[in-house]
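Here are my notes for you to read with the model open beside them. Take the points one at a time and find each spot as you go.

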Amino acid sequence: MAGAAPTTAFGQAVIGPPGSGKTTYCLGMSEFLRALGRRVAVVNLDPANEGLPYECAVDVGELVGLGDVMDALQLGPNGGLLYCMEYLEANLDWLRAKLDPLRGHYFLFDCPGQVELCTHHGALRSIFSQMAQWDLRLTAVHLVDSHYCTDPAKFISVLCTSLATMLHVELPHVNLLSKMDLIEHYGKLAFNLDYYTEVLDLSYLLDHLASDPFFHHYRQLNEKLVQLIEDYSLVSFIPLNIQDKESIQRVLKAVDKANGYCFGVQEQRSLEAVMSAAVGADFHFSSTLGLQEKYLAPSEQSVEQEAMQL
């Protein structure tokens, strides 16, 4: 029907532990998308978020506030946040009434940082599942602070959390190593960055852990955890520097591929203009070799080149 509003909407569910940079990501990504000409609506689903730096189209704080829940039910911050998400799950009609007028926008959902919500609690997954029934195609964008790469034990823990999140949330999924501009301040990496982003042979991490007297006693446990991660072979990461437009563009490309978003000719031209302003007048969007050399591993470069030829 001519002039009808689009029925299918697209967006990102931005998840990750506290302090991983979710709100900053929503701000940077929303600005980048608007520069491309997309109409963006940022939705705050975190009732603990205060002083939001972005323009918020929908704020769950209008429905339920963490402070009010903690005072009324004598709950701590963790229990209060779980209650807030369960309350939102029980009042999805409120959320739908807020989202329906925004059809035609690209959504960014700034989600709570409570790890349990993405690993085993059912409220957030139920909310995402209901959004799918509303014909809203989401990609889960899972942010992890890149400083975990400097500690083998923490990195294995992050891999386990990321895998559990991918299996529990049940959405197309993109994992990001955030704050890549600060990684040099965290210490020297034991391996090249590709080792961490592609999650290569994890036995090398076990060897590093074995040199620590504390972890030496838990070698068998760590071996089983590594075996589990490698058996699923699902987890990989894209490095993200939210200050770098090339980095944001690569993340957006992965997200759009995951949820099936297809942009038109006008947006491609806008992207060329944005990237040309970022890296100089000699940049051409059709030539991605510079991006590949900077960010992609050799194996991924060949896959990208084959895709460009198709």
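The points below cover the sheet, the cysteines and a patch on the surface.

1. Keep in mind that this is a predicted model. Start with the sheet: it is open, has seven strands, and runs in the order β3-β2-β4-β1-β5-β6-β7 with parallel pairing. As background, strands of a sheet pair through backbone hydrogen bonds, either parallel or antiparallel.

2. Which strands stand at the edges? They are β3 (56–59) and β7 (238–239). Each has a single partner strand, so one side of each is left without a neighbour in the sheet.

3. Now zoom in on one pair. Strand β2 (residues 40–44) and strand β4 (residues 106–110) run parallel and are joined by five bridges. Look for V43, which stands opposite F109 in β4.

4. How many disulfides does the structure hold? Zero. C111 is in no disulfide, and the nearest cysteine sulfur, that of C118, is 6.8 Å away. Because a disulfide needs the two sulfur atoms within 2.5 Å, a gap of 6.8 Å between C111 and C118 doesn't count. Both cysteines are buried, though: C111 has a relative accessible area of 0%, and C118 has 5%.

5. Finally, go to the surface. L73, L75, Y83 and Y87 form a nonpolar patch there, with about 320 Å² of accessible area together. One of them, Y87, lies in helix α3 (residues 77–90). Y87 is partly exposed, at a relative accessible area of 33%.

Definitions and conventions
Residues numbered from 1 in each chain as written. Predicted model: local features only at pLDDT ≥ 70, side-chain atom pairs only at ≥ 80, totals over all residues. Heavy atoms only, no water. Patch = residues over 30% accessible without salt bridge, like charges linked within 9 Å, V, L, I, M, F, W, Y side chains within 5 Å. Areas by Shrake-Rupley, 256 points an atom, 1.4 Å probe, with all protein chains shown as cover. Salt bridge = Lys/Arg side-chain N within 4 Å of Asp/Glu carboxyl O. Helix = DSSP H or I, 4+ residues; strand = E, 2+ residues; numbered from the N terminus. Buried < 20%, exposed > 50% of the residue type's maximum accessible area, 1.4 Å probe, protein only. Pairing = 2+ DSSP bridges.
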